[in-house]
Amino acid sequence: MDLTTNGPRTDRRALLAASVTVVLWASAFVSIRASAEHFHPGVLALGRLLTASIVLGFVFLLKGGTLPDRRAWPGILASGVLWFGVYMVALNWGEQQVDAGTAAMVVNIGPVVIALLGGWLLKEGFPPLLIAGMGVSFLGAAVVGWSMSGHGASSVTGVLLCLLAAVTYAGGVVAQKPALRYASPLQVTTFGCFVGTVACLPFSGLMLEELPKAPWSATLNLIYLGVFPTALAFSTWAYALARTSAGKLGATTYAVPAVVVLISWVWLAEVPGRMTLLGGVICLVGVAVSRLPGRREAAPEGPEGTTGAAQRPGKERTPSGTASD
C-alpha cells in the first residue's frame with residue numbers, strides 16, 4: 001500500500017476491507033449453524049483456529065515475515081485470548097442454548113462496548129454521528145433478532161454466554177488497536193490466531209473423538225470457517241482497524257444481521273419476513289450514519305489515514321509489515 005495516499009482514499013480502502021469482513025462474518029453464522037450439531041463448541045473453535053493458523057502461517061512464511069515488535073505483544077496476547085479464544089467458544093456454546101435472534105441481539109452489544117472502551121481507553125472520543133448511528137443500528141439488530149426468534153424461553157446460561165462473547169469481542173478489538181501501531185495487520189492477525197489456538201488446545205482430545213464421526217459436510221464447514229471468516233476476514237479487519245477508529249469500525253459490524261438475512265435467503269432459501277427485512281434496512285441505515293464524516297474529519301488525518309499516524313515517532317515497521325500492506 002502506498003503510504004503517501006491521502007486520508008479519504010485510504011478510508012475507502014479501509015471501508016472495502018471492512019465490507020469483506022462483514023460479508024464473511026455473516027456467512028460464518030450460517031456455516032456454524034450447519035456444523036454445531038456435530039461438534040462441541042470448543043472443538044468447533046479449535047478446528048476453526050487450527051485451520052486459520054495453518055493458512056496464516058503459510059502466508060506469513062511466504063512473505064518472509066518476522067516476529068512483531070515487542071511493544072505489540074501485549075495487545076496480540078490479549079486479543080488472541082479474548083477474541084480468538086474465549087469469544088469463539090462462548091459464541092458457539094451460547095448459540096446452542098438460545099435461538100439465533102436472541103444470540104444476535106445480545107452479541108450486538110459488542111459494538112457499543114467497543115465505542116465506549118475506544119472513547120475512554122484509546123481517547124477516540126464519542127462523535128455524535130457515531131453514537132446516533134449505533135443507536136439506529138442497534139434498533140435494527142433488535143428488530144431482526146425479534147423477528148427471527150422463536151419467542152420461547154431462552155436459557156439464562158445461553159444469554160450469559162452470548163454476553164461473554166460480546167464483551168470479549170469488544171475487549172479483543174480494543175486491545176488489538178494499539179498493537180497495530182507497532183506491527184502489521186498480518187503479524188497481529190497471525191500471532192493472535194496462534195495465541196487463540198493455544199488457548200483452545202484443552203479441547204484437542206475431544207476433537208480427536210468427534211472429527212472421525214462427523215459427516216464430511218460438517219468438516220468442510222469447519223474448514224471454511226477457518227479459511228474465510230477467520231484467516232481472511234480477521235486479516236481484512238486488522239487492515240481496516242489500522243486505518244480507522246475502533247468505534248467507527250465496530251459500528252460497521254451492525255451490517256452483519258442484514259447480510260445474514262440475505263445469505264440465508266440465497267443459500268438456505270429461507271425467505272425473510274417483512275419485519276426481518278425492515279430490521280436489516282434499519283441496520284444498514286445506522287451503519288451509513290455512523291460512517292458519515294464529522295467536522296473534525298474534514299481534513300486528512302495523516303499520511304496513513306489513521307488517527308495520529310503522522311505523530312508516531314520511532315514507529316518501527318518490519319519487512320513483513322510492508323509486504324502485507
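**Notebook: helices and buried positions in a predicted model**

I began with helix α8 (residues 185-199) and checked its length: at 1.5 Å a residue, its 15 residues should span 21 Å, and because the end C-alpha atoms are 21 Å apart, the expected and found spans agree. I note at the outset that the structure is a predicted model.

I then asked how many residues of α8 are buried. Twelve of the 15 are buried, and I recorded the helix as mostly covered. The buried residues include Pro185, Leu186, Gln187 and Val188 at the start of the list. Thr189, Thr190, Phe191, Gly192 and Cys193 are also among them, as are Val195, Gly196 and Thr197.

**Entry: the whole protein**

I looked up the secondary structure and found 14 helices and zero strands. Read from the N terminus, the order of elements is therefore α-α-α-α-α-α-α-α-α-α-α-α-α-α.

I next looked up burial over the chain. Of the 325 residues in the protein, 52% are buried. The accessible surface is about 14400 Å², and carbon and sulfur atoms account for 71% of that surface.

I also looked at how far apart in sequence the contacting residues are. Among contacts with a separation of 6 or more, 90% join residues that are 24 or more positions apart.

**Entry: helix α2 and what follows it**

I repeated the length check on α2. With 22 residues at 1.5 Å a residue, α2 should span 32 Å, and its end C-alpha atoms are 32 Å apart, so the two values agree. After α2 comes Gly64, which has a positive phi near 70°.

I then moved to Thr66, which I found in the loop between α2 and α3. Is Thr66 buried or partly exposed? Its relative accessible area is 32%, so Thr66 counts as partly exposed. I noted that Thr66 and Ala183 are 117 residues apart along the chain, with their C-alpha atoms separated by 10.0 Å.

**Entry: Arg48 and Met88**

I looked up Arg48, which is placed in helix α2 (residues 41-62). Arg48 has a relative accessibility of 8% and therefore counts as buried, the cut-off for buried being under 20%.

Which residues does Arg48 touch, if neighbours within four places in sequence are left aside? I listed Ala28, Ile32, Met88, Leu222, Leu225, Gly226, Pro229, Thr230 and Phe234. For Pro229 I also recorded the distance: Arg48 and Pro229 are 181 residues apart in sequence, and their C-alpha atoms are 9.2 Å apart in space.

Since Met88 appeared in that list, I looked it up as well. Met88 lies in helix α3 (residues 73-95). Its relative accessible area is 2%, and Met88 is therefore buried.

Beyond its neighbours within four places in sequence, Met88 is in contact with Ala45, Arg48, Leu49, Trp83, Thr230 and Phe234. Thr230 and Phe234 thus appear in the contact list of Arg48 and in that of Met88. I noted further that Met88 and Thr168 are 80 residues apart along the chain, with 9.4 Å between their C-alpha atoms.

**Entry: Thr21**

I found Thr21 in helix α1 (residues 7-35). Thr21 is buried, for its relative accessible area is 0%. Its contacts, leaving aside neighbours within four places in sequence, are Ala233, Thr236 and Trp237.

**Entry: the packing of α5 and α7**

Two packed helices are described by the angle between their axes and the distance between the axes. For helix α5 (residues 110-121) and helix α7 (residues 156-179), I recorded an angle of about 35° and axes 8 Å apart. Their crossing is right-handed.

I then listed the residues that make the contact. On α5 these are Gly110, Pro111, Val113, Ile114, Leu117, Gly118 and Leu121. On α7 they are Ala166, Tyr169, Ala170, Val173 and Val174. By type, the residues of this contact divide into ten nonpolar, two polar and no charged.

An α-helix has 3.6 residues a turn, so residues three or four places apart point the same way.

**Entry: Leu206**

My last look-up was Leu206, which lies in helix α9 (residues 204-210). With a relative accessibility of 29%, Leu206 counts as partly exposed. Leaving aside neighbours within four places in sequence, Leu206 is in contact with His40 and Val43. Leu206 and Phe39 are 167 residues apart along the chain, and their C-alpha atoms are separated by 9.2 Å.

Methods
Residues are numbered from 1 along each chain as its sequence is written. This is a predicted model: local features need pLDDT of at least 70, side-chain atom pairs count only at pLDDT 80 or more; totals for chains, interfaces and linings use all residues. Side-chain values use heavy atoms; hydrogens and water are left out. Helices (H or I, at least four residues) and strands (E, at least two) are DSSP runs, numbered from the N terminus. Buried means under 20% relative accessible area, exposed over 50%, partly exposed in between (1.4 Å probe, protein chains only). Contact means heavy atoms within 4.5 Å. Accessible areas come from the Shrake-Rupley method with a 1.4 Å probe; for residues, only the protein chains shown count as cover. Axes are lines fitted to C-alpha atoms, for helices over the stretch in contact, and angles run from 0 to 180 degrees between N-to-C directions. A crossing is left-handed if the near helix is turned anticlockwise from the far one by less than a right angle, and right-handed if clockwise. Ala, Val, Leu, Ile, Met, Phe, Trp, Tyr, Cys and Pro count as nonpolar, Asp, Glu, Lys and Arg as charged, and the others, Gly among them, as polar. The expected span of a helix is 1.5 Å times one less than its number of residues.
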